[in-house]
Amino acid sequence: MLQSPKDEVSALLRARQTGHSLPAGLYTRPEAYEADLDVIFHRHWIAVAVEADVPEEGDVYGVDIGRSSIVILRDDAGTVRAFHNVCSHRGAKLVDAGHSTIGKLVCPYHQWIYELDGELIEAPHMGKDFRYDLHHLRPVNMRSIGGILYVCLADEAPSDIETLAEIMAPRLAPYDLANTKVAYESELVEEGNWKLTMENNRECYHCASNHPELCVSFIDLDFGFDPDQLSDEDREEAATHGKMYEERTNAWERDGYPSRAIEHTVGKETNFRTQRLIIAGAGESQTPDALAASKKLLGTMTRKDTGDIHLWGNNSWNHVMADHAVIFTIFPLSADQTLVRTKWLVHKDAVESVDYDLEHLTSVWKATNAQDAALVARAHAGAHSVGYRPGPYSKFTEGALDDFSTWYVERMNAHGY
Ligand code: FES
Ligand code: FE
């Protein structure tokens, strides 16, 4: 008997072995892509933008998520809102993806007009009894967490976004990301499945041999692995690394900067990890010389030696440093392609070529993104090969991938796959 697409995905999920990468079909099959959109991208919280994408009243930002689309805007009262990017008349997409500035939202098809708070105010030829109040734009669940915008397209959104908000509020407050500007944005289409993009981001096993630019400033995270599972050599390295993190974390926390690693992954609806990371070398920022890229520090920051607040999410990763932040969001385009969107944020009053040099600000992650894209394409090509078998994750350096893959399978199961 032929399997339904849902049964096929369920069978692949059942075949997943803990401690190993996923069965090939979960990376390559169109059915799995559709299921991922349905469950992860439509029913969970995903990071989509930053408040700085809509700095002024009337600024609009269209974001496509799979085949769905949302419109984020700042209304006339300065409130940031999100709506489904779908006209209430016959469903036309209201705005194209990307940035624009408008007075009212006007549907290009038959000119229905909406206020920026979503209220329908004009619907020509609909008759005198037409109920405008039943046809306002449909809001999308949205939360700004320290200036990073998360949405959930489903009406019922996972409630543990509150945990993320509570933990991140004090961590991000001094950086005031809501009052930054997007100094530069890049879009890169990786030739690989979105889960390979996420897995690649969740380990730095590959960094030393692939990221010479990043390694000037990057020191790997302090993972909470079980020392008994490590080889003698790895245990020694882990102990040195752990001691360095313990000392630095204690010092930061004594100075009032929350820094400790917090993981919220397996068994949770919203997947995240945060920790204040040590910056290597000159110790200030992820630049070619590890020195701050912008003279104007973010928010109320006065020190440059406060490391890098890293935050991983369901579809994102972020690095927030004293002088700038780099915000990454990813969107699956097909089973075989993933859009990686990167935004470099600086203080909103920082002036290019006066306060920062764009090349100095962006070159490390531009190079790193290109290198990662090549690695993801290589991994994805392998997953398509008949010779592919799920391989073992390192207990030392790839525990976070195991957590991510386990979380993914759990979330799919929880939604009937
Ligand atoms: Fe928008 Fe008709 S579909 S006005
Ligand atoms: Fe990488």
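**Exercise 1. Helix 4 and Leu172**

In which helix does Leu172 lie? Determine also whether Leu172 is buried or exposed, and state which residues it contacts.

*Solution.* The structure is a predicted model.

Step 1. Leu172 belongs to helix 4, a helix that spans residues 161-172.

Step 2. A residue is classed as buried when 20 or more other C-beta atoms lie within 10 Å of its own. Leu172 has 25 other C-beta atoms within 10 Å and is therefore buried.

Step 3. Apart from neighbours within four places in sequence, the contacts of Leu172 are Gly146, Leu177, Ile309 and Val320.

Step 4. Trp252 stands 80 residues from Leu172 in sequence, and the two C-alpha atoms are 14 Å apart in space.

Step 5. As for the setting of the helix, helix 4 lies across strand 9 and strand 10 and runs at about 15 degrees to strand 9.

**Exercise 2. The sheet beneath helix numbering: strands 1, 10 and 9**

Give the strand order of the open sheet that contains strands 1, 10 and 9, and identify its edge strands.

*Solution.*

Step 1. The order is 1-10-9, with antiparallel pairing throughout this three-stranded open sheet.

Step 2. Strand 1 (46-50) and strand 9 (141-145) are the edge strands, each pairing on one side only.

Step 3. On average, and with direction ignored, neighbouring strands of this sheet are turned by 30 degrees against each other.

Step 4. Strand 1 is joined to strand 10 (residues 148-152) by four bridges, in an antiparallel arrangement. Within this pair, Val50 is found opposite Ile148 of strand 10.

Step 5. Val151 can be followed outward by its contacts. Beyond four places in sequence, Val151 touches Ile46, Val48, Ile70, Ala82, Val140, Asn141 and Met142.

**Exercise 3. The two domains and the core**

Explain why the largest nonpolar core lies between domain 1 and domain 2, and describe the contact between the domains.

*Solution.*

Step 1. The protein is divided into domain 1 (53-144) and domain 2 (159-415). Their C-alpha centres are 33 Å apart.

Step 2. The largest nonpolar core comprises 106 residues, and Ile70, Ile72, Val151, Ala325 and Leu345 have the most contacts inside it. Because both domain 1 and domain 2 contribute residues to this core, the core lies between them. As a general background, nonpolar side chains tend to be buried together in soluble globular proteins.

Step 3. In the direct contact between the domains, seven residues of domain 1 meet seven residues of domain 2. On the domain 1 side, strand 2 (59-65) and strand 9 each supply at least two residues. The residues of that side comprise two nonpolar, two polar and three charged.

**Exercise 4. Strand 17 and its partners**

Establish why strand 17 is described as largely enclosed, and describe its pairing with strand 11 and strand 16.

*Solution.*

Step 1. Strand 17 covers residues 337-347; eight of its 11 residues are buried, so the strand is largely enclosed by the rest of the structure.

Step 2. Strand 11 (residues 180-190) runs antiparallel to strand 17 and is joined to it by 10 bridges. Here Glu185 stands opposite Lys343 of strand 17.

Step 3. Strand 16 (residues 325-334) also pairs with strand 17 in the antiparallel sense, over nine bridges. The bridge partner of Pro332 in strand 17 is Thr338.

Step 4. The connection between strand 16 and strand 17 is a hairpin with two residues between the strands.

**Exercise 5. Positive phi values**

What is the sign of phi in His125 and in Ser353, and are these residues buried or exposed?

*Solution.*

Step 1. Most residues other than glycine have a negative phi.

Step 2. His125, although not a glycine, has a positive phi of about 65 degrees. Ser353, likewise a residue other than glycine, has a positive phi near 70 degrees.

Step 3. His125 is located in the loop between strand 8 (120-122) and strand 9, whereas Ser353 is located in the loop between strand 17 and helix 8 (358-384).

Step 4. A residue is exposed if 12 or fewer other C-beta atoms lie within 10 Å. His125 has 7 C-beta neighbours inside 10 Å and so counts as exposed. Ser353 has 7 such neighbours inside 10 Å and so counts as exposed.

Methods. Residues are numbered from 1 along each chain as its sequence is written. Chains are lettered from A and ligands numbered from 1 in the order in which they are written. A nonpolar core is a set of buried Ala, Val, Leu, Ile, Met, Phe, Trp, Tyr and Cys residues joined through C-beta atoms within 7 Å. Domain bounds come from an automatic or database domain assignment. Two residues are in contact if their C-beta atoms, placed from the backbone, lie within 7 Å. Two strands pair if DSSP finds at least two bridges between them. Axes are lines fitted to C-alpha atoms, for helices over the stretch in contact, and angles run from 0 to 180 degrees between N-to-C directions. Ala, Val, Leu, Ile, Met, Phe, Trp, Tyr, Cys and Pro count as nonpolar, Asp, Glu, Lys and Arg as charged, and the others, Gly among them, as polar.
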